[in-house]
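User: I would like to learn how to read a fold from its coordinates. Can we start with the whole chain and then go to a single strand?

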Amino acid sequence: MASTAKKILIVLTSHDQLGDTGEKTGFWLEELAAPYYVFKDAEAELTLASPKGGQPPLDPKSSAPDSQTDDTRRFEADPEATAALANTVKLSEVNAQDYDAIFYPGGHGPLWDLVSDEKSIDLIEAFWSAGKPVSAVCHAPIVLAHTKAADGSPLVKGRTVTGFTNEEEDAVGLTEIVPLLVEDTMKDRGAQFSKLEPFQPHAVQDGKLITGQNPASSAAVARKVLEAFEA
């Protein structure tokens, strides 16, 4: 009998340099770990992918003691999870038709690579045109910046989205470092940008498009993806 488990593609950044600061960046651990277990605990089948394949760079600040959560500790102690992370599939080898949803964890890395990655853009447009959930949290909604709807307009135009806000970027002191601000970019594309106070959990769903404001929103985004399968 064929498996009825949902197959979810999780796409991580391969970019590890925080502009010209000499500091490291990458993906944010909580934004992978929390959704990973929401999906896993719902018996979804997960594939982790990245532009370069292999081990994606982890933002070192996201595994610091004050950034740890029950989910990050569970992930780091989970041999299956850490093996999947160490061996991400190359994005170029992924086919949208093999999956039921796509999810992007944030961290600052996507602002440099996934924002303009042609394979990522093609994947998002393929999921969208097939009516499959497209989801991203924190900085990762930037991956929608160059995606188009079927009529050629920006995919986010007229749609309600959220993501890391200008105030949040100011709070972490990186407004002058990042190449793009998520909030401004989404507004520039004609999106309705929804936000709460900095670092409050906030997940937004507009049809099959699901976005989260910050790390604390990660699990809520994943839960909305699961709910979107039922809609």
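**Reading the chain, then a strand**

User: How much of the chain is buried?

Analyst: Buried means under 20% relative accessible area, exposed over 50%, partly exposed in between (1.4 Å probe, protein chains only). Here 53% of the 231 residues count as buried. This is a predicted model: local features need pLDDT of at least 70, side-chain atom pairs count only at pLDDT 80 or more, and totals for chains, interfaces and linings use all residues. Residues are numbered from 1 along each chain as its sequence is written, and side-chain values use heavy atoms, without hydrogens and water.

User: Why does the radius of gyration agree with a compact globule?

Analyst: The rule is 2.2 Å times the number of residues to the power 0.38, over C-alpha atoms. For 231 residues, it puts a compact globule near 17 Å; the chain has 16 Å, so the two agree.

User: Which secondary structure elements does the chain have?

Analyst: Helices (H or I, at least four residues) and strands (E, at least two) are DSSP runs, numbered from the N terminus. The chain has seven helices and nine strands.

User: Where do the side chains of strand β4 point?

Analyst: In a regular strand, side chains alternate between the two faces of the sheet. In β4 (residues 101–104), A101 and F103 point one way, I102 and Y104 the other, and all are buried.

User: Which residues stand opposite β4 residues in the neighbouring strands?

Analyst: Strands pair if DSSP finds at least two bridges between them. β1 (residues 7–11) pairs with β4 in the parallel sense over three bridges, and L9 stands opposite I102. β5 (residues 134–137) also runs parallel to β4, joined by three bridges; there S135 is the bridge partner of F103.
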